[in-house]
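Reader: I would like to learn how to read a structure feature by feature, with the general idea explained before the particular case. Could we go through it together?

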Amino acid sequence: MSTITIYRGWLEPGRYVWSPFVTKVEARLRFSNIPYKTAAGNPKTAPKGKIPYIEITEGNEANPRTSIGDSTLIIKHLVESNTLPELNGELAPELKANDLAIRALLEDKAYFYNTRERWTENYYTMRDHVLGAVPYPIRVILGMFIHRSMVQTLHGQGTGRYSADEIQEFRVEAWNAVNDLLVASKAKQTQHQGQEGDAGRPFWVLGGEEPTEADTTVFGFVISALICTAGPKARELVMGFPVMREYARRIHDEYFPDYELWDE
């Protein structure tokens with residue numbers, strides 16, 4: 001029997017953390033009813049130098065551990081090792097492409113909008129949360145290094161070259177696109193099952209009966225936007241989408257009932 005430990009960057013048992021990729025991995029495991037443990041971990045010792053990463057231990061704790069970093073590679077490994085079932089295997093080609101496009105929209109575009117808002121526009125809030133366990137004098141110095149690295153990354157990637165208003169336009173466009181899909185999915189569910197039959201049951205971003213890989217990403221990013229106090233623009237935007245909040249709430253109630261609910 002293998003034991004999976006997810007390193008989330010923070011301990012905070014029973015609570016979501018700010019990283020959308022941590023929640024993505026947790027959701028993927030919970031969608032398939034796979035148990036796991038959580039720990040804080042450290043990016044310095046992570047396989048890819050970032051959070052989240054996992055360790056898989058076969059048998060007892062004394063056995064060698066397999067460490068895997070990057071949320072996408074974590075899920076890929078767990079599927080290929082038959083720990084997780086394939087979610088997208090039965091999808092038609094066009095739906096597989098749509099699923100991949102949704103993940104790319106959030107992971108490769110919205111992620112950088114979030115990074116800019118959190119690490120440049122609300123730097124002190126982000127620094128003190130991420131480095132809360134670090135003594136204050138060291139926190140200031142380490143925070144400066146992280147900030148400088150983030151600014152350089154954003155400039156090289158391109159997000160740092162736009163004005164705040166331009167980034168907000170991009171952010172609104174991305175979240176509107178996701179919300180439109182969720183609105184259509186909920187309408188489809190209501191039409192198919194009837195108002196009484198689907199009360200509280202999760203609906204999924206591609207409109208199917210079961211979640212796909214895209215749902216792990218969408219849920220992770222929605223939760224991150226709702227709980228991160230260093231991203232007020234993203235939170236205000238997501239709070240303005242009642243169907244999106246309902247989507248997250250239904251998944252929370254079904255798969256994360258042991259976790260603290262976000263403030264609304």
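Author: Let us begin with a pair of strands: five bridges join strand β3 (residues 53-58) to strand β4 (residues 65-69), and the two run antiparallel. Strands, like helices, are DSSP runs numbered from the N terminus (E and at least two residues for a strand, H or I and at least four residues for a helix), and two strands pair if DSSP finds at least two bridges between them. This is a predicted model, in which local features need pLDDT of at least 70 and side-chain atom pairs count only at pLDDT 80 or more, while totals for chains, interfaces and linings use all residues. Residues are numbered from 1 along each chain as its sequence is written, and side-chain values use heavy atoms, with hydrogens and water left out.

Reader: Which residue is the bridge partner of I54 in β4?

Author: The partner of I54 is I68. On strand β1 (residues 2-7), six bridges lead to β3 in an antiparallel arrangement, with I4 paired to I56 and T5 standing opposite E55. Three bridges join β1 to strand β2 (residues 37-39), and these two run parallel; there I6 has T38 as its bridge partner.

Reader: How many residues of β1 are buried, and how many of β3?

Author: Buried means under 20% relative accessible area, exposed means over 50%, and partly exposed is in between, with a 1.4 Å probe and protein chains only as cover. In β1, five of the six residues are buried, and in β3 five of the six are buried as well. As a general idea, the side chains of a regular strand alternate between the two faces of the sheet.

Reader: Which salt bridge does E55 form?

Author: A salt bridge is a side-chain nitrogen of Lys or Arg within 4 Å of a carboxyl oxygen of Asp or Glu. The side chains of E55 and R65 meet in one, at 3.0 Å from N to O. E55 lies in strand β3 and R65 in strand β4, so the pair ties together parts that are 10 residues apart in sequence. E55 counts as buried at 15% relative accessibility, whereas R65, at 45%, counts as partly exposed.

Reader: How many salt bridges does the structure hold, and which parts does the one between R15 and E260 tie together?

Author: There are 19 salt bridges in the structure. In the one between R15 and E260, the closest N and O atoms are 3.8 Å apart. R15 lies in the loop between β1 and α1 and E260 in the segment after α9 (242-255), so this pair ties together parts that are 245 residues apart in sequence. R15 is partly exposed, with a relative accessible area of 39%, and E260 is partly exposed at 47%. Within helix α9, R250 and E246 are four residues apart, about one turn of the helix, and they form a salt bridge with closest N and O atoms 2.5 Å apart. R250 is buried, with a relative accessible area of 9%, while E246 counts as partly exposed at 23%. A network of salt bridges links R116, E121 and K233.

Reader: What span should helix α3 have, and where does α3 bend?

Author: The expected span of a helix is 1.5 Å times one less than its number of residues. For the 29 residues of α3 (residues 93-121) this gives 42 Å, and the end C-alpha atoms are 40 Å apart, which agrees. The bend at a residue is the angle between axes fitted to the seven residues ending there and the seven starting there; α3 bends by about 35° at A110.

Reader: Where is the cis peptide bond, and which phi value does N33 have?

Author: Most residues other than glycine have a negative phi, and most peptide bonds are trans. Here a cis peptide bond joins I51 and P52, with omega about 5°, and P52 is in the loop between β2 and β3. N33 has a positive phi of about 60° although it is not a glycine; N33 lies in the loop between α1 (20-31) and β2 and counts as exposed at 68% relative accessibility. D70, in the loop between β4 and α2 (71-80), also has a positive phi, near 80°.
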